[in-house]
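Subject: Structure handover

Hello,

Here is the structure you asked for, followed by notes on what was found in it.

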Amino acid sequence: MDKAARKSERQTAFGLTEEAVALIRGASVGTLVTYYVGGVPFWLALQYFTADMSHDGYASERLASGALAVAATYLWMKCWQTVYTSRLRSALLLESDSRWSAGRIYRMVLQQTAIQSWGLPVRALAVTVLLPYVWVSSFYHNATIFGDGTPREGESVAKVSWKQAFLWSRQAHFLALVLSVFTFFVWVNVLSAMLLPPLFAKEFLGMESAASRDIGAYLNTTFFMATVAVTWLCIDPIWRAAYVLRCFHGQSLRTGEDLRLRLRNAQARSLRTGAALAAFALLCLPAMGKPAPSMADAGVMQAFAEASKNGGAPTIPTGPASGAAPRPEFPSTVSQEKLNRSIDDVLARRDYTWRTPRGAGEQHTSALAAWVEDVFKMAKTAAGSVRRFFKRLREWISPSHDKESAQREWSAGQLPWKAILYMLLALGVALLARVLLRTRFGKKRQIVAAEAVVAMPDLRSDDVTADQLPEDGWLDLARQLMERGELRLALRAAYLAGLAHLGQRELVTIAKHKSNRDYDRELRRRAREREEMVAAFEVNLADFERSWYGRHEVTTDIFTRFTGNLERIRAC
């Protein structure tokens, strides 16, 4: 690549950053809220986890549960980042975001969990130069954008994200460099904003604090983790917006969405200009007369008139004096044993164990055994909480309903209301299970039913496109027409079969507005190294245009040569 192209690509990286900032500024406040709904819980959980594992003497007892909580909040953050990028893309395209149905949320969670679960360890390997870091990071950014739960035909989310990661590699590296330098300077500003206020307060106001007395004690891992969290929450939305733009421009190479966006922007500008001119014309109209007082002004004047007639100040009613509250009664004496037990229970709380030296709560067992024991302990605690919840629910439903009274009600032929409530709960659970099953398996049955009924296109119409039938469907239709002696229609069906084959291999993009020469130029551009394929397609194109748009008669030899060239295209 020459110097001019390199300079242009560096400018493209700077321009992409500016576009990302403009995209965020143009988005709604709710779009940023969706990002922070996912990002803030993760960084709070990570901050608490690192502080707990660094200072608490009994941290090893909570290692497994804390790690699982951080992992859960990490996946929570990735799912909300997907919602954030989806709304940014909709704002970029001047469209409303697609509805987040239960099926779409379910697919999005599965896609993000399957891909983003490996993000942190793979990025750590990429940093150690085992893998190129920028491409790996771009892949996970792209997976957040493409894995939004929308049904995708053909390629998977991972494949599309990986292909997009290798597009415009130099631009991706320059973009990472620019945003990394910007992130560093933002971190320096955040660090200064958190360090300097105590020093300024001591210098100018004479206010002494622990940070001003010993700045070294203030600089610990918890403090630096807080600066990193604030910096990331400020900068990461710009990273996401930049990769939304990269994916948009990359997909536009195939779909032409950028051209449609320019048309929408031009229409929006024209509408804004017309609205501004109309408003200016209305403001320039002369006043037609003195406006009548409004209803609010008339009400205010009437209120002043009534106040001047009545005079005096309003009285404030006072309520009856309330009696003194009864004095609570306390036990006169407390046993020494009970007092010591209460003090020990309070000192055993987590609020007072953070000063315990490291190793005080360590167990002389292996790390794997301690982790497994912690997991079982956490499961036992959760099961106890669930059991206590249902016990309290049962007591709330029937606090004094014993078995003998229930038997008396059943023997008397009366249906107790407790049984009715249980039946309603069971019915609600059954309905919820039915909705979940229909969401999970209903759409697949609909897709199979839709594929079973395919409308046969009319080959005599000019609106027929190659994507209305698969390649085999066009070939079967061509054979049927040839057996009936309709060679002209059979030739067009075979030509559409060739286009469908090329579209399936992504050598051409099927679109209604494209002409045959557009397909020819697109194939020559994308299959430059496959000269035999391009030559066979051009021969078939010439035969088709002479017979369909001209007066050349289609013979059996022409159709046989056409199908032979089609086989050569499929073999290349």
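Glu567 is partly exposed, with 48% relative accessible area. The model is a predicted one, so please read everything below as computed from predicted coordinates.

Salt bridges

Glu567 has a partner: its side chain forms a salt bridge with that of Arg570, at 3.5 Å from N to O. Both residues belong to helix H22 (residues 556-571), where they sit 3 residues apart, or about one turn of the helix. Arg570 is also partly exposed, at 32% relative accessibility.

How many salt bridges does the structure hold? The count is 16.

Another of them joins the side chains of Asp518 and Arg521, with an N to O distance of 2.4 Å. These two are 3 residues apart in helix H20, and about one helical turn separates them. Asp518 counts as partly exposed at 26% relative accessibility, and Arg521 counts as partly exposed at 45%.

A third pair is Arg517 and Glu545, whose side chains meet in a salt bridge of 3.0 Å, N to O. Arg517 is in helix H20 (residues 516-526) and Glu545 is in helix H21 (residues 531-548), so this pair ties together parts that lie 28 residues apart in sequence. Arg517 is partly exposed, with a relative accessible area of 40%. Both residues also belong to a network of salt bridges that links Arg517, Asp520, Arg524, Glu538 and Glu545.

The cavity

The structure holds 1 cavity of 30 Å³ or more. The volume of the largest cavity is about 50 Å³. Which residues line the largest cavity? They are Ala494, Tyr495, Gly498, Leu499, Phe537, Asn540, Phe562, Leu566 and Ile569.

Helix H19 (487-504), H21 and H22 each supply at least two residues of this lining, and H19 gives the most, with 4 residues. By type, the lining of the largest cavity divides into 7 nonpolar and 2 polar residues, with no charged ones.

The second largest pocket

The second largest pocket has a volume of about 670 Å³. It is lined by 25 residues, and those closest to its centre are Arg123, Tyr133, Ser137, Trp232 and Asp236. The lining of this pocket divides into 15 nonpolar, 6 polar and 4 charged residues.

Several helices contribute to the lining of the second largest pocket. At least two residues each come from helix H2 (29-55), helix H3 (63-92), helix H5 (119-127), helix H6 (133-146), H8 and helix H11 (221-255). Which helix gives the most to this lining? That is H11, with 7 residues.

Helix H8 and the surface patch

Helix H8 spans residues 169-205 and includes Leu196. Leu196 is partly exposed, with a relative accessible area of 35%. Together with Leu199, Phe200, Phe204, Leu205 and Met207, Leu196 makes a nonpolar surface patch of about 640 Å².

Val190 is found in helix H8 as well. Is Val190 buried or exposed? Val190 is buried, with a relative accessible area of 11%. Its C-alpha atom is separated by 6.2 Å from that of Thr227, although the two residues are 37 residues apart along the chain.

Two positive phi values

Most residues other than glycine have a negative phi. Two residues in this model depart from that pattern and may be worth a look on screen.

Trp168 has a phi near 55°, a positive value in a residue that is not glycine. Trp168 lies in the loop between helix H7 (157-165) and H8. At 32% relative accessibility, Trp168 counts as partly exposed.

Glu506 is not a glycine either, and its phi is positive at about 60°. Where does Glu506 lie? Glu506 is in the loop between H19 and H20. Glu506 counts as partly exposed, at 29% relative accessibility.

Regards

Terms used: Residues numbered from 1 in each chain as written. Predicted model: local features only at pLDDT ≥ 70, side-chain atom pairs only at ≥ 80, totals over all residues. Heavy atoms only, no water. Patch = residues over 30% accessible without salt bridge, like charges linked within 9 Å, V, L, I, M, F, W, Y side chains within 5 Å. Areas by Shrake-Rupley, 256 points an atom, 1.4 Å probe, with all protein chains shown as cover. Salt bridge = Lys/Arg side-chain N within 4 Å of Asp/Glu carboxyl O. Buried < 20%, exposed > 50% of the residue type's maximum accessible area, 1.4 Å probe, protein only. 1 Å grid on protein atoms, 1.4 Å probe; cavity = no way out; pocket = protein on both sides within 12 Å on 5 of 7 lines; lining within 4 Å. Points joined across faces, edges and corners; volume = space filled by probe spheres on them. Nonpolar A, V, L, I, M, F, W, Y, C, P; charged D, E, K, R; others polar.
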